[in-house]
Amino acid sequence: MKSGPEAIQNLSGAVFNKATGELRSTGWKDIKLKIWNTDEQISIPVMVSTRAADVKMFLAEMTLEDPAKIEIMTKCGPSLKRQRAGDEVSSNLIVKGLKTFGKKVQEYPHPFCVIGLGAMGLRQVIHNVRKKTDFVAFDRNDDLGGNAWHLIGNHSSKLQTEGVHYQLQYDIAYGGWSELCHIEEMGYWPNRGEIISHFNSVFDSYDCWQYCKLYTELTNMNIIPETRHFSERKYDMSWKSTRPGDDSTGIFRSSCITYYPGCLVVPHRKLWPGEENFGGQIGYGFGREFDFALVNGQDGIIIGQGAFSHENVRSFVENHGRKVYVIARHWNLMLPRMLSWWINQAIQPMGAAMVLEAMTPMYTLMGWDQWSWYSVTTNADRTLASIKQYTRWGISDILFLAVYWGKAEIFEAEVKRFKHRSVVLTNGKVLTDVDHVMKVIGFDGDFGVDRLMQTKENIGLWPNGDWRRFIISDNSAIDASRFNAMSIAPAVAMHSRVTEYFFQHPEMAYACLGSGMLPKNGADVEHGSPCYHYEPRVHITTFMTMGAYQGDLGTYDSMNTQFKKATMLVYLPIAKYVLACKEDWDHYCAMFKEQGWDKPWPKYPYTAEYVTEMLRLEEEEVGAEFAKRAEKKTQAQVQSIEMMLPSSGLSMEPARTVLRARNRNPEDTSTHSRQNWLNEGKGVKDWLIEHSKGRHAVEA
Ligand SMILES: Cc1cc2nc3c(=O)[nH]c(=O)nc-3n(C[C@H](O)[C@H](O)[C@H](O)COP(=O)(O)OP(=O)(O)OC[C@H]3O[C@@H](n4cnc5c(N)ncnc54)[C@H](O)[C@@H]3O)c2cc1C
């Protein structure tokens with residue numbers, strides 16, 4: 001029915017449609033829907049003169065079932081009577097053609113395949129085990145932990161973010177608090193060994209090993225296209241053993257694939273002129289490629305100043321190296337630990353200007369001005385900013401501290417050539433008496449992933465737009481005016497649901513693809529970026545676009561965000577975290593003093609009072625800004641409200657609210673919950689009536 005001149009509302013609130021000659025009530029009633037031959041039922045608020053056809057279409061929309069299969073019946077004595085499409089809907093209905101009020105879940109004939117047992121793939125495994133999904137996971141390595149912790153991290157590498165948000169079992173919907181390790185058990189900033197042991201112990205406790213094959217590399221994929229239904233498509237994945245002495249191979253047939261290959265995979269390698277004359281140790285500063293035991297009492301240089309350079313400084317310091325020079329082609333902004341905590345506990349993404357402002361205590365101690373960094377763009381009064389650099393955040397206090405004591409020195413230059421025990425830089429400086437060279441000059445993504453997945457371009461997270469296959473990795477650079485999180489657990493808890501959601505509801509994947517809004521990403525060979533690896537802003541657009549088609553996950557998303565804050569504040573409350581940072585800071589200060597470095601002992605630059613103020617700013621300013629945005633959105637919604645007429649899309653919104661509430665926890669069938677869902681729907685109905693009233697008056 002239109003809301004134009006032919007729809008006229010009379011004084012009693014009924015609506016007369018000139019075109020059809022109907023008079024339809026705009027009053028409301030609650031109707032009960034029960035699925036035939038089951039105990040499943042819900043009550044929804046609808047306008048009195050809603051037709052049976054409207055309810056049928058509503059059910060089809062919400063369950064993704066074919067409307068032709070759905071029948072709406074009423075009880076008529078001992079028998080059932082079909083409601084005709086145009087009948088005003090009765091208050092007690094039996095629904096045939098549905099098994100549940102939840103969205104129809106697609107079933108597949110073959111198990112799912114998870115590729116990669118790094119931190120991200122492992123998280124998908126835990127989720128699949130919890131959901132009893134039929135799957136097998138593979139990794140070519142001999143242990144859990146991925147490229148990050150096996151090939152790149154070395155024995156003194158530490159997690160740069162906080163251990164709370166790196167736990168595999170982290171999930172508000174599965175045990176929440178009770179499943180998390182205590183912070184003392186996981187460690188504030190666990191090292192490589194502790195992280196791998198955490199992964200293994202979670203795997204033991206969830207009994208995951210039966211689903212996982214280590215020492216197994218997937219080498220080829222044969223796509224067997226569907227003949228009738230899309231769920232029939234299958235992937236024959238060839239595998240080979242990587243176990244020394246074992247040359248077994250095989251094929252694993254799968255219906256859907258989630259691939260977590262990592263983005264820091266292939267280390268850059270480069271030889272400089274004169275290396276052969278250097279005479280000291282030259283190696284790559286990751287994995288076991290550099291012997292840190294040899295640096296004791298000697299000087300070294302680290303080439304590169306990305307995130308992993310911080311860990312090399314730590315390894316150098318902890319192995320009692322004397323002095324280290326960091327050679328930075330671009331001197332990237334460094335993030336003090338305290339800010340990682342602050343961003344990780346925030347509900348709303350933090351503005352870059354606030355992040356820069358909060359760097360002040362650390363940068364002032366160093367005599368640096370963070371606002372003048374090459375990577376920062378800001379307005380005149382520094383209320384808005386963005387940060388763009390070609391590496392992830394290097395998060396630590398160790399590099400700041402080492403520079404403060406003179407133990408480390410950073411040069412913004414490039415290495416020109418080596419001479420015997422010395423290094424010539426492009427700025428003309430010559431570093432002499434150097435004994436060790438650690439190269440940490442970045443990583444490429446894995447082009448083997450594009451080959452295996454036969455990807456020409458990724459559309460969203462789907463190779464060639466095939467939604468039965470997801471490839472997900474984190475970013476290797478920064479380009480943002482807001483920062484949401486520094487650690488992966490909250491995001492990955494969501495990722496593992498996103499893959500499941502689209503596999504279960506392919507209609508939503510088709511809708512998402514059909515929107516034409518998903519970014520397309522091709523390989524950039526020159527910059528080491530395969531199709532699955534995105535520039536940060538493309539990454540955000542991808543997730544936002546896909547987010548628009550997974551509305552049912554909205555509630556989980558907001559619970560997940562609340563949990564992110566709560567876990568941080570409970571496990572690492574301000575005073576405790578500041579104290580932990582301070583103790584670590586003082587531990588290194590004592591080490592440097594003992595080694596003979598002579599400087600006034602620097603106070604840890606962040607106090608509990610300062611951090612409390614940071615928190616207040618985050619909660620008040622960011623909160624206020626987002627409240628303003630929410631208000632604007634509400635106003636826009638109010639503006640878009642049309643006259644609420646029976647059979648209009650808007651009139652079914654309260655009913656949709658009930659089903660969304662029900663789908664938050666489909667296992668819950670109690671009368672109490674059903675009443676709560678109905679109340680949520682009625683709340684939306686009241687809001688809509690209130691905001692559409694004026695419009696009625698104008699348009700009637
Ligand atoms: C030293 C270091 C410190 C870090 N610190 C932090 C931190 O503090 N906080 C944070 O959030 N992040 C940190 N990161 C970032 C890190 O990249 C992520 O946290 C995470 O570990 C990445 O996991 P992933 O599963 O995506 O990839 P990866 O760890 O790269 O694992 C990918 C896995 O896929 C496997 N694989 C790929 N292709 C195949 C195939 N064809 N067959 C079989 N197996 C295959 C590989 O063998 C590998 O094991 C750090 C990284 C490093 C290196």
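These legends accompany views of a predicted model of one protein chain with its ligand.

**Figure 1. Overall fold of the protein chain, with 20 helices and 36 strands.** The radius of gyration is 30 Å, close to the 27 Å given by the globule rule for 700 residues, so the chain is as compact as a globular protein of that length. Along the principal axes, the C-alpha atoms fill a box of roughly 100 × 65 × 45 Å. Of the 700 residues, 40% count as buried. Among contacts between residues at least 6 apart in sequence, 72% join residues at least 24 apart.

**Figure 2. Division of the protein chain into domain 1, domain 2 and domain 3.** Domain 1 comprises 7-99 + 641-699, domain 2 comprises 112-265 + 446-571, and domain 3 comprises 271-444 + 576-624.

**Figure 3. Contact between domain 1 and domain 2.** Here 4 residues of domain 1 are in contact with 4 residues of domain 2. By class, the side of domain 1 that touches domain 2 has 1 nonpolar, 1 polar and 2 charged residues. The centres of domain 1 and domain 2, taken over C-alpha atoms, are separated by 39 Å.

**Figure 4. The shell around the ligand, made up of 34 residues.** The closest residues are G116, G118, G146, N147 and G262. By class, the shell divides into 16 nonpolar, 13 polar and 5 charged residues.

**Figure 5. Helices and a strand that supply the ligand shell.** At least two shell residues come from each of α2 (119-130), α3 (146-152), β12 (216-224) and α7 (307-318). The largest share, 4 residues, is supplied by α3.

Conventions. Residues are numbered from 1 along each chain as its sequence is written. This is a predicted model: local features need pLDDT of at least 70, side-chain atom pairs count only at pLDDT 80 or more; totals for chains, interfaces and linings use all residues. A residue is near a molecule or strand if its C-beta atom, placed from the backbone, lies within 6 Å of it. Ala, Val, Leu, Ile, Met, Phe, Trp, Tyr, Cys and Pro count as nonpolar, Asp, Glu, Lys and Arg as charged, and the others, Gly among them, as polar. The radius of gyration is taken over C-alpha atoms; the globule rule is 2.2 Å times the number of residues to the power 0.38. A residue is buried if 20 or more other C-beta atoms lie within 10 Å of its own, exposed if 12 or fewer, and partly exposed in between; C-beta atoms are placed from the backbone. Two residues are in contact if their C-beta atoms, placed from the backbone, lie within 7 Å. Domain bounds come from an automatic or database domain assignment.
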